[in-house]
Amino acid sequence: MSIEALPAEIAEGPPTRRQAGTVRMLARNPSVVIGATIVAFLAIIGLLAPMLGTIDPAEINPVFRNKMPGAERTIRNEDGTKSTFVHRFGTDSLGRDIYSRVVYGARVSLVIGVTVAALSVAIGLVIGLVAGYVRWLDGIIMRFMDGLMAIPAILLAMGVVSLSRAGLLAVVVAIVIPEIPRVVRLVRAIVLSIREEPYVEAAITVGTPTPTLLVRHVLPNTVAPLIVQGTFICASAILIEAILSFLGIGIPPETPTWGNIMAEGRALFRIYPHNIFYPGVCLAFAVLAINMLGDGLRDTLDPRFAKRV
Amino acid sequence: MADAAAPVLAIKGLTVGLPRGADRPHAIEDISLRVDPGEIVCVVGESGSGKSVTAQAVMGLLPRELPATAGQILLEGEDVLAATPARLRDLRGTRMAMIFQEPMTALNPVMRVGDQIGEVLEIHTDLSEADRRQRVLAIMRAVHLPEPERLIDVYPHQISGGQRQRIMIAAALVLDPALLIADEPTTALDVTTQAQILKLIRELQERRGTGVMFITHDFGVVAEIAHRVVVMQSGRVVETGTREDILRRPQCDYTRMLIASVPGLVPPPRTPKTGPVALETVKLCKTYGTRGLLLRGRVVRAARDVDIVVRRGETVGIVGESGSGKTTVARCVARLVEPTSGAIRIGDVDVARLPESRLRAHRRHVQIVFQDPYRSLNPRRTVGASIVEGPVNFGVPPAQALDRARRLMALVGLSPDSLDRYPHQFSGGQRQRIAIARALAMEPELLIADEPVSALDVSVQAQVLKLLDDVRQRFELAVLFITHDLRVAAQICDRIAVMQRGVVVEQGLAAEIFAAPRHEYTRALFEAAPGRHAEFGRATTAA
């Protein structure tokens, strides 16, 4: 008897149950709300940098060096009128406006954080899926990853940057490489547990090809943990970029990044602490906010931490 | 029974609330029951009936979300609900004790078993360490643990499941509590071990005069052990009576339905099937183990020389306890694992050694229904997507596949309109129906059912078995039915193969094997089946 010969009649319907939406649960988590608000605030600052009363962050003014916060400078405009500009955060040893540099620096930091997180998650995801599902490749890939993890991230990043000309791209690559093994391990562990699930085995028995199987049945399980891992990578990338810039091997010093500003201010820290204070505060807030966001996301998205009745 | 004596436990009008948003306002409502000294009271019910909540309430273990809102729990006259936390701690272990379903998780894995029994003595008595050890050895002897002097110093993972449950019982009974609560203590155990543990509980309880509140879903166990029975449904007591009353003369419809759903041990008459052979395994072997470079790793021979034939329209059962290799055989036939040696003929092709690329074409002929309905459907995909996945893989146009899925949903007794719902919106039995629909969508020749009803309540179990039998007839399927449950095997299988430690020890027509088992292991299995003397299954699935 064929299935087509079956009647298509309607039997009793199943009962329905409702689950609280993920978005609503996220909105109830205070660390998600606080973290997301601060991150959004910093992102808006970075986006609207030219409109926030800033001047060219790279403009050098030898006359106006090392001014304390609040110093006023009179600018003579081309049409002969005069206007006053207030250096809210003071100036550095080359006379550059620190307020403008910090605001523009948010751009670089956030771009690096987001790019590094996206790239390392994407690359790590592919490698992790392969390592978890293709058993004979697992050993080879994972020993290589262990080798990468054995080298300190900063050292590896320094090595990669020194191989090419310093620039945004080199720094991003340098930070992505040491982050990849962490993502690979996470994804591989999830794949190893999910591939034993009966619904994956059921998909095998209905003849689903392996690539489809991975994308359709295994991949969705990695999304929530990867979002969480991504936020932590984002925070650590911002920090590593600042460290690299501070050490003078990151992005060229004329580009304003929080690390560069602090590196610049290091020599005169005792006399003019504002050079390091403002970018430092921004950095601390950004990293804290992203970590809070990640913690909150983990608590809500990861069922092992979520307490659902 | 000791009618004159005061009851050990008297629950009067107990009501326990549920958090808001649950499917009913109370977990249990107006429960009254009594356990006398030296009496075993079985609390029977399906999942969600509130039997475990009752046990937790007695032990004072209710979670905060489930407050007891009315009633009394009198333990030897003392109200447990009114007791302070300190008083409750005193009572637990000395006056009441509990044993759990899963002895592996109920024991602390990093503590020697002797110390875990001794802990009770350490907390509640001021015995010296040497005296404590003597008491522990004595109780270990009382629960018939072999070589107590050696076992007292081992860790839980070093002993078997049955021995672990004996340790749990020893720890519960070491201070001679008046009340023992046993929450499904044999559900996780093999049938032969279960028989031993039931015997032990009865023996200890008789010798010590303990009152036992025994929670179970299994009427076979009830028939084995109960003096009195309390039947629960949706948080209420629907019937109370002696074992004979409940089993032979149930008053309530629900009890009657439950008892009628228990499959009988006598196979109904079946005509031998003579259809073409759909599956034949020849000397199928599967060896698990690590092949080290220098050292030979531990090798487990999960299946050895298994020869099984399944014809179209026939159900062949593989029966055995855990570790017998029955699931390994199923997974080899479905080619979820590659057999070590031997042949698997499906139609006229030997799929045993086919590489994955050539195997795909044959996958549609063999489909599998898994044990756990909560994990066999992808929770993130609609059930419709799960059902059409296979046919679409093999080139059926999606619209046609969807139309088929609708018809299949109707066939398995679900609304075709619920195809766009997610698995969590269905109950366990409904999900198992969906899993069957998914398997049927492939139009297979062989259906492997790996313990398909073990996770289901007895009433749902009967319906799913009936459905399986129905689709077998309708599509002339060959069914390979894996089960540990002799009752289920008796009702659904034409022929059965009994497996022990990877070997088929006996094979033949179900009716003949059940009437006269030849192999001693088969006989031991039948001996151990709980409630084998009681008559069950007056409403069984027809052949």
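**Entry 1: a sheet in chain B**

I began with an open sheet of 4 strands in chain B, whose order is 2-1-4-5 and whose pairing is antiparallel. I noted that this is a predicted model, so every entry here describes a prediction. Next I looked for the edges of the sheet: they are strand 2 (26-35) and strand 5 (78-79) of chain B, each of which pairs on one side only.

Then I followed the pairing inward. Strand 1 (residues 9-17) and strand 4 (residues 68-75) of chain B run antiparallel and share 6 bridges. I picked out two places along this pair: B:L9 stands opposite B:L75, and B:K12 has B:Q72 as its bridge partner.

Strand 4 of chain B also pairs with strand 5 of chain B, again in the antiparallel sense, over 2 bridges. Here B:L75 turns up again, with B:E78 as its bridge partner in strand 5 of chain B. What joins strands 4 and 5 of chain B? I found a hairpin with 2 residues between the strands, and B:E76 in the turn has a positive phi of about 50°.

**Entry 2: a hairpin in chain A**

I turned to chain A for another hairpin. Strand 1 (residues 71-76) and strand 2 (residues 82-87) of chain A are antiparallel and joined by 6 bridges. One of the bridge pairs is A:R76 with A:K82. This hairpin has 5 residues between its strands, and A:G80 takes a positive phi near 95°.

**Entry 3: helix 5 of chain B**

Back in chain B, I checked the length of helix 5 (residues 129-142). Its 14 residues should span 20 Å at 1.5 Å a residue, and the end C-alpha atoms are indeed 20 Å apart, so the two agree.

Which residues of helix 5 of chain B are buried? I listed B:R132, B:V136, B:I139 and B:M140. Seen down the helix axis, the buried residues of helix 5 of chain B fall within an arc of 105°, so they line one face. The spacing makes sense to me, because an α-helix has 3.6 residues a turn and residues three or four places apart point the same way.

On the face turned away from the buried side of helix 5 of chain B, I found the exposed residues B:A130, B:D131, B:Q134 and B:A138. I also asked what covers the buried residues of this helix. The cover includes helix 4 (113-124), helix 6 (148-151) and helix 7 (161-173) of chain B. After helix 5 of chain B comes B:H144, which has a positive phi near 60°.

**Entry 4: the nonpolar core**

I then looked up the largest nonpolar core, which has 228 residues; B:M213 and B:L480 have the most contacts inside it. Which helix gives the most to this core? It is helix 3 (residues 98-133) of chain A, with 17 residues.

I wanted to see the surroundings of B:M213. Leaving aside neighbours within four places in sequence, B:M213 is in contact with B:L9, B:V35, B:V41, B:V43, B:A55, B:L179 and B:I181. I was pleased to meet B:L9 again, the residue opposite B:L75 in strand 4 of chain B.

**Entry 5: chain B as a whole**

Last, I stepped back to take in chain B, which holds 20 helices and 20 strands. Its C-alpha trace spans about 75 × 60 × 45 Å along the principal axes. A compact globule of 543 residues would have a radius of gyration near 24 Å, and chain B has 25 Å, which agrees. Of those 543 residues, 47% count as buried. Among contacts in chain B between residues at least 6 apart in sequence, 70% join residues at least 24 apart.

Key: Residues numbered from 1 in each chain as written. Chains lettered and ligands numbered in written order. Predicted model: local features only at pLDDT ≥ 70, side-chain atom pairs only at ≥ 80, totals over all residues. Core = buried A, V, L, I, M, F, W, Y, C linked by C-beta atoms within 7 Å. Buried ≥ 20, exposed ≤ 12 C-beta atoms within 10 Å, placed from the backbone. Contact = placed C-beta atoms within 7 Å. Rg over C-alpha atoms; globule rule 2.2 N^0.38 Å. Pairing = 2+ DSSP bridges. Expected span 1.5 Å × (residues − 1). Arc of directions from axis to C-beta.
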